[in-house]
Amino acid sequence: MNATTPLSLAREAATTGGEVAHGGFRGPLTVETKANELDSVTEFDREVQRRVATILRRDEPDAAIVGEEELPEIETRKALPESGRAWIVDPIDGTNNFVAGNRIWCCSVAAAEDGEALAAVNEFPALGDCFAAGAEGVTRNGEPISVSERARSETFTINPIFGLSATNRRKLSEYVSIIADEFGDCRRFGSSQFALSSVAAGELDAAVSSMSLSPWDTVGGVHLVRQAGGTVTDLAGNRWTPGADGIIASNGHAHEDLVAAFE
């Protein structure tokens, strides 16, 4: 039986991927666009996914790989399968930050079994931070972390997670207004995994979106938040699952106020 645990394999893959990406950070880049001019991809996004997938395939050759980038030599899915082992990979979450020389980006690797996360590692090499969670608890750089204790929703600091399309920007404007009117303060980082990691660490009280976010943008961070004692639901307050319409991730202390405001 393979002695490698999902967490140790996720850590190896994310660490290696982070090192590859960091080698190109603030250096010359070939930048392409995908859906629109603000949807960037670099040669490092593809190379990191290639290196991460190679490590995962070495130990689990039959597992599905769900990843953002398409590589001709590696079969990659866009949706998390309902059964069996799967690995969810975002080679560089926060590519626009990476391109701009902003340090808020990560290599995110998570394992799931029958659609439920088992382990997650978000490696932020330019920040010097690594968030990791297995079956119990979550750590940052090896030290235990947990969600914030703030209980009054009007004092919450919230990150709205949206993309850069016209539709996303319109909903972002709406959510920023709700946060300003009903809650405490707003943050925007350009990396969904950083937002969710920050909720897990108690640096944010919540992260919200009305969009159906991709598995690579969510699964790892959601596992971190839950293992840190937080609550993650869809906009209706039901337990969040991959593919859900919208997400509310919070410290859990006033989650019903968030659902009421954003549903």
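Two residues are said to be in contact when heavy atoms of theirs lie within 4.5 Å.

**Figure 1. Contacts along the chain of the predicted model.** In this predicted model, among the contacts between residues at least 6 apart in sequence, 62% join residues that are at least 24 apart. The secondary structure comes to seven helices and 14 strands.

**Figure 2. The largest nonpolar core, with its best-connected residues.** This largest core has 55 residues, and those with the most contacts inside it are Ile88, Ile158, Phe183, Leu258 and Phe262. Once its neighbours within four places in sequence are left aside, Ile88 is in contact with Val66, Leu80 and the residues Ser108, Val109, Ala110, Ala111 and Ala112, and also with Pro215, Trp216 and Val219. Apart from this, there is a second, separate core of 29 residues, which includes Ala13, Ala53, Val121 and Ala126.

**Figure 3. The overall form of the protein and its buried part.** For 263 residues, a compact globule would have a radius of gyration near 18 Å, and the protein agrees with this because its own value is 17 Å. Taken along the principal axes, the box that the C-alpha atoms fill is roughly 50 × 45 × 30 Å, and buried residues make up 52% of the 263 residues.

**Figure 4. The surface and the charged side chains.** The accessible surface comes to about 11,300 Å², and 46% of this area belongs to carbon and sulfur atoms. The protein has 22 positive and 40 negative side chains, and the centres of these two sets lie 3 Å apart.

Conventions: Residues numbered from 1 in each chain as written. Predicted model: local features only at pLDDT ≥ 70, side-chain atom pairs only at ≥ 80, totals over all residues. Heavy atoms only, no water. Core = buried A, V, L, I, M, F, W, Y, C linked by side-chain atoms within 4.5 Å. Buried < 20%, exposed > 50% of the residue type's maximum accessible area, 1.4 Å probe, protein only. Helix = DSSP H or I, 4+ residues; strand = E, 2+ residues; numbered from the N terminus. Rg over C-alpha atoms; globule rule 2.2 N^0.38 Å. Areas by Shrake-Rupley, 256 points an atom, 1.4 Å probe, with all protein chains shown as cover. Lys, Arg positive; Asp, Glu negative; His and termini not counted. Charge placed at Lys NZ, Arg CZ, Asp CG, Glu CD.
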